[in-house]
Amino acid sequence: NAAILTQKPADIAAAAAELAAKVIPAETCTGVEDIVPAEKPGKYNVVLWDMGAKADTVQQLEKRGCAVTLVPANVTAEAVAALSPDGVVITNGAENPADYRAVADEIAKLLEDKHLPMMGIGLGHQLIAVSQGASVAKLPCGHRGGNQPIEDVKTGSCGITSQNHGYEVDKDSLPENASLRYINRNDGSCE
């Protein structure tokens, strides 16, 4: 994260804390502001929980036969469940996943009460983990770019991915109902 200032503050740490206090995660989401019904029909009804989704995410789901309904970051579990989705995808977005505790709580309700299939991309993956009791940590060096090597720890196969995140799920904090599947080959962090 960065800020452009007109002059250097005398106390950089205090200035950084002041700027961070002004950032409210719900306001930083660049996603939809209300529920947006699916534009195209599909075999599967998928809810896309929009934390700042890329347009390509919707297109890729539609290419795979999904009718995609977008919901805003501040949606409730009850509102998502009322849409009767076949599954939920929580999108990528900005900021520290720990700042989105309210969203993680809503995700936990869906997983506990409705047992809906759920997948997360970037921030979405981290929020699902937080909703189940895992913790997140800031990476010393964020994963940026289209050349991030990952390994499937179950099969040993490797692949190259495109990533843009600065936090990881702490693999040592995973709850009993979760297991580590992918790691970053550069630093061993949870993917």
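Biologist: Over how many bridges do strand 1 and strand 2 pair, and in which sense?
Modeller: This is a predicted model. Strand 1 covers residues 44–50, and one link to strand 2 joins Asn 45 to its bridge partner Ala 67. The two strands pair over 7 bridges, and the sense is parallel.

Biologist: What is the order of the open sheet of 4 strands, and which are its edge strands?
Modeller: The pairing in this sheet is parallel and the order is 2-1-3-4. Neighbouring strands are turned by 25 degrees against each other on average, direction ignored. A strand that pairs on one side only is an edge strand here, and that leaves strand 2 (66–72) and strand 4 (118–120).

Biologist: Which helix lies across strand 1, strand 3 and strand 4, and at about what angle does it run to strand 1?
Modeller: Two helices should be kept apart. Helix 3 (residues 55–63) lies across strand 1, strand 2 and strand 3 (87–90), and runs at about 150 degrees to strand 2. The helix across strand 1, strand 3 and strand 4 is helix 5 (residues 101–114), with an angle to strand 1 of about 160 degrees.

Biologist: How many residues of helix 6 are buried, and which strands and helix do they pack against?
Modeller: Helix 6 spans residues 123–131 and is mostly covered, with 8 of its 9 residues buried. Among them are Leu 123, Leu 127, Ile 128 and Val 130, but also Gln 126 and Ser 131. Buried here means under 20% relative accessible area. These buried residues pack against strand 3, helix 5, strand 4, strand 5 (136–152) and strand 6 (158–169).

Biologist: Which residue takes a positive phi just after helix 6, and which does in the hairpin of strand 5 and strand 6?
Modeller: Just after helix 6, the residue is Gly 133, with a phi of about 105 degrees. The hairpin has 5 residues between its strands. There the positive phi is near 85 degrees, and the residue is Gly 156.

Biologist: How many bridges join strand 5 to strand 6, and which residue in strand 6 stands opposite Gly 145?
Modeller: Strand 5 and strand 6 run antiparallel, joined by 10 bridges. Opposite Gly 145, the residue in strand 6 is Gln 163.

Biologist: Over how many bridges does strand 5 pair with strand 7, and which residue stands opposite Asp 152?
Modeller: Strand 7 is made of residues 182–184. Its pairing with strand 5 is antiparallel, over 3 bridges. The residue in strand 7 that stands opposite Asp 152 is Tyr 182.

Note on methods
Residues are numbered from 1 along each chain as its sequence is written. This is a predicted model: local features need pLDDT of at least 70, side-chain atom pairs count only at pLDDT 80 or more; totals for chains, interfaces and linings use all residues. Side-chain values use heavy atoms; hydrogens and water are left out. Two strands pair if DSSP finds at least two bridges between them. Axes are lines fitted to C-alpha atoms, for helices over the stretch in contact, and angles run from 0 to 180 degrees between N-to-C directions. Contact means heavy atoms within 4.5 Å. Buried means under 20% relative accessible area, exposed over 50%, partly exposed in between (1.4 Å probe, protein chains only).
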